[in-house]
Amino acid sequence: MKSMIKNDFFTFKKFLLILTVVSVILNFKWVIDFCFGAELPGNDFISDFALYPMMYLPVLPTLLCTVDMRTGWKQFGAAMPVKRSDYVGSKYLLTLIAGLIMICMITVCGVISRLLFHSAIDAEYFYFIAALFMVLNLFCAFVTPFCFIGRTAAIAAYMILLVVIGSSATVFLDSSLFDKQGLELIFDIRTQLILFVCTAVLYALSWLISVRIYQNKDL
Amino acid sequence: MTIFIDNKSGQPIYHQILTQIKNHIISGELSEDEALPSIRNLAKDLHISVITTRRAYEELEKEGFIYTVSGKGCFVAPKNTELLREENMRKIESYIEKIVQLANVCGLSREDIIEMICYEMEESI
Amino acid sequence: MNAVEVKNLTKYYRGFTLDHISFSLPGGCIMGLIGENGAGKSTIIKLLLGIIRKDEGSISLFGRGESGRQHLLKDEVGFVLDELKLNCEFRAKNINNIMSSAYRHWNSETFYGLLDKMNIPVSKRIKAMSRGMKMKVGIAIAMSHNAKLLILDEATGGLDPVVRDEVVDMLYEFTRDEEHSVLISSHIVSDLEKLCDYIAFLHHGKLVLCEEKDRLMEQYGMIHCTEKQLSELDCSAVIGKKSNQYGAEAIVRRDAVPKGLDIGPTDIEKLFVFMNRGNHNEEYDKK
């Protein structure tokens, strides 16, 4: 798998760099707003703009596969003494790592922001970040198998995902679920654990499905 | 040892090698028990197939011009006058075939050819 | 031990079928796969390398049949595809880095040595390289991990004669070792003419023949005669023919024509072209 990771790392590096820069800028958008006379964000600040770049994370496996298709690496890699499951595994591993890096960065930026205008950094924030990370991985688990079917399938899956998230977010925000009581569910360690186990299982399942799809594909 | 391969001639390549090595042995250019290049190296140096050189060496061994020591390679067999005589006779026969063909084309008779041969043999003495 | 053994290999595509191909490449030999465009040469090679999956038949590399660990056999297989299919931003050191993790016996010194021998600058990115350079890099990669079998797919097409000659020289060097075998496909027959020990002809997905090259040269010859003389010959003796108002030429089986007929030598290229014409004429007549 090492050789596959090394190959993907090239594109991975560029992708992560762009996403990082965008994230950091958007995370500190409040600085710009403040300069224009807006108030400092309050106690429950979670820079929602920092979340937007995270939505691009499920694009990474598609991007990696597209680059492979364009350069012909798919064929070259298949002729090398590397298992097809390693090719798949590399995409999953790098997506996970990218997600971790992004989450860490957003956490750090969020902590800095909070320190700047509000001294309390409570556990709620970290619970929320953790839940976010796991939901993000669920999104990736959904989209990634489609990358191994084809580029069109992957893009279609990603579009569906955006639509689903968009519409459910709207529903959520409007309804009474999105109130303090609803959110408090996340701040329970049990919920976190259940979410973690579900995510891990679904992520692994997604990997298995992808390997199945890719194993006997003609490249 | 020089070997030239002529791709354009009708002669099979293995036969060209066979003949040329034979001539080198007969002329003494290749001495007794001298090592010949390996089948593979000869093929690669001449840019031809290994199967061709293998066949040439096999024929040479069959005709008694070389011998193989397993693990070491092929070597020039000791000069065998009987063999040489046979070889030269074979050459003469093939020349005679050509002479007869040409004679038929020109319309020369058997007596004419024999006269020509006798004249040539007298001249060379 | 056969380096490659293929039995009844079949692949179905819409509009094309690789039809039950069987052949063996003995160890230490070079086999040329010749066929017109679309004959199935690349398909066979992709099947051997595991890029596409077979529908029927069996493939055996180095005498070891199919198993779960098939990918490990590819450690000893060097390949050159028709293009260098790597990220175009890569330089030699990136390639070296990746390959050293993939191949057990990857030798960086050999790789850089080959690049140096072929005058390829180490700092150049693939996207800045000419086709000839890319091909040479591909060959350097294939020959830097102690491969016992080299598979080349249309590797010399689009290269100038000087580079082609260099490539052929490298292949000769590679096969000095009797454990090294080469399978090379091309439609530029002159490349394969001198190099190969065995020739396999492919036509419309079928293996027309697979023979020792020298035997082919002995079995077949070229005749020049009139149309009338040609028509008098046994049908099965004539492999293919070309005729115009000045006469006809045909490739014939030497043993199937009457003695005394002046049969000249032929080469693989003519044999291939005439065989194709012969087959084409047959199919045309059938319609």
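User: Which residues of α3(B) are buried?
Analyst: In this predicted model, the buried residues of α3(B) are Val50(B), Ile51(B), Thr52(B), Thr53(B), Arg55(B), Ala56(B), Tyr57(B) and Leu60(B). Buried means 20 or more other C-beta atoms within 10 Å of the residue's own, with C-beta atoms placed from the backbone. Helices (H or I, at least four residues) and strands (E, at least two) are DSSP runs numbered from the N terminus.

User: What covers them?
Analyst: The cover includes α1, α2, β1 (66-69) and β2 (73-76) of chain B, together with β9 (206-212) and α8 (213-219) of chain C. A contact here is two backbone-placed C-beta atoms within 7 Å.

User: And what follows α3(B)?
Analyst: Gly64(B), with a positive phi near 90 degrees.

User: How many residues does each chain give to the B-C contact?
Analyst: Chain B gives 13 residues and chain C gives 16. On the chain B side, α1 (13-27), α2 (39-46) and α3 (50-62) each supply two or more.

User: Switching to chain C. What is the strand order in the open three-stranded sheet?
Analyst: The order is β2-β1-β4 (chain C), with antiparallel pairing; strands pair if DSSP finds at least two bridges between them.

User: Why do β2 and β4 of chain C have a side without a neighbour?
Analyst: β2 (16-26) and β4 (56-61) of chain C are at the edges, each with a single partner strand, so one side of each has no neighbour in the sheet.

User: How many bridges join β1(C) to β4(C)?
Analyst: Five. One pair is Glu5(C) with Ser60(C) in β4(C).

User: How are things numbered?
Analyst: Residues count from 1 along each chain as its sequence is written, and chains are lettered from A and ligands numbered from 1 in the order written. Local features need pLDDT of at least 70, side-chain atom pairs count only at pLDDT 80 or more, and totals for chains, interfaces and linings use all residues.

Definitions and conventions: A residue is buried if 20 or more other C-beta atoms lie within 10 Å of its own, exposed if 12 or fewer, and partly exposed in between; C-beta atoms are placed from the backbone.
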